[in-house]
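Let's take a relaxed walk through one protein model. Have a look at the picture first, then read on.

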Amino acid sequence: MIAFLRGLLAEAFPHRAIIDVNGVGYLVLIPLTTFDKLPQIGAEVQLLTHYHVTDRDHTLFGFITADERDLFRLLMDRVSGIGPKMALSVLSGMPVAAFKDAVISGDVKSLSRIKGVGGKTAERIVLELKDKVGVVDAWQASRTAKGAHDPKQEAQTDAVLGLIALGYKQTEAIKAVNELAKQPGIDTADKLIREALRSMN
């Protein structure tokens, strides 16, 4: 699995880019939010990636931030009927923070304005992320922690969101993170996720 690419930006278009990594050009499909943040052609760039394999093709998707990649994976893994192309359209149609706010508030109307989504898919996104996965509670906690400038709570919430993105249930993730947060020295999201994965496997 390819976790990220670091190299020179050889080509850039609204939905795809080519990254030259030591003379090998990697074609990467990207959302508009990533395209908007790309440097000039020829400059160094790093994209976090998701490697998608089907019977017919192998596709590399690229993202400038971990939040974009996490949301992309969450949509594909947890919302029925959404594949990689639709997930990319969602990211292209709305910044991650705005998408989270729309789901938290149940704003189906805003979500349905995203190209290719429509009313029924927007309703399904809200229903399955809010009611079934429960990820919205973690998003709300994250927003509260950031507003309160509480680094410890931010780290715990980010760790819970990371574990949910990896496929764990919210209740399992919260329980594991809360237990680990009591231990000295485990105070960052990365450390919490790493230790949680050890304890949950």
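Which residues of α8 are buried, meaning under 20% relative accessible area (1.4 Å probe, protein chains only)? They are Ala155, Gln156, Thr157, Ala159, Val160, Leu161, Gly162, Leu163, Ile164 and Ala165.

A quick word on the ground rules: this is a predicted model, where local features need pLDDT of at least 70, side-chain atom pairs count only at pLDDT 80 or more, and totals for chains, interfaces and linings use all residues. Residues are numbered from 1 along each chain as its sequence is written, and side-chain values use heavy atoms, with hydrogens and water left out.

Helix α8 covers residues 151-165, 15 in total, and spans 21 Å from first C-alpha to last, close to the 21 Å expected at 1.5 Å a residue. That expected span is 1.5 Å times one less than the number of residues. Helices here are DSSP runs (H or I, at least four residues), and strands are E runs of at least two, numbered from the N terminus. Just past α8, glycine 167 has a positive phi of about 110 degrees.

Now for two residues elsewhere in the chain. Partly exposed means between the buried cut-off of 20% and the exposed one of 50%.

| Residue | Element | Relative accessible area |
|---|---|---|
| Phenylalanine 35 | helix α1 (residues 32-35) | 27%, partly exposed |
| Glycine 62 | strand β5 (residues 58-63) | 0%, buried |

These two sit 27 residues apart in sequence and 9.8 Å apart in space, C-alpha to C-alpha. Leaving aside neighbours within four places in sequence, phenylalanine 35 is in contact (heavy atoms within 4.5 Å) with Ala12, Phe13, Pro14 and Ile30. With such neighbours again set aside, glycine 62 has contacts including Val28, Ile30 and Leu47.
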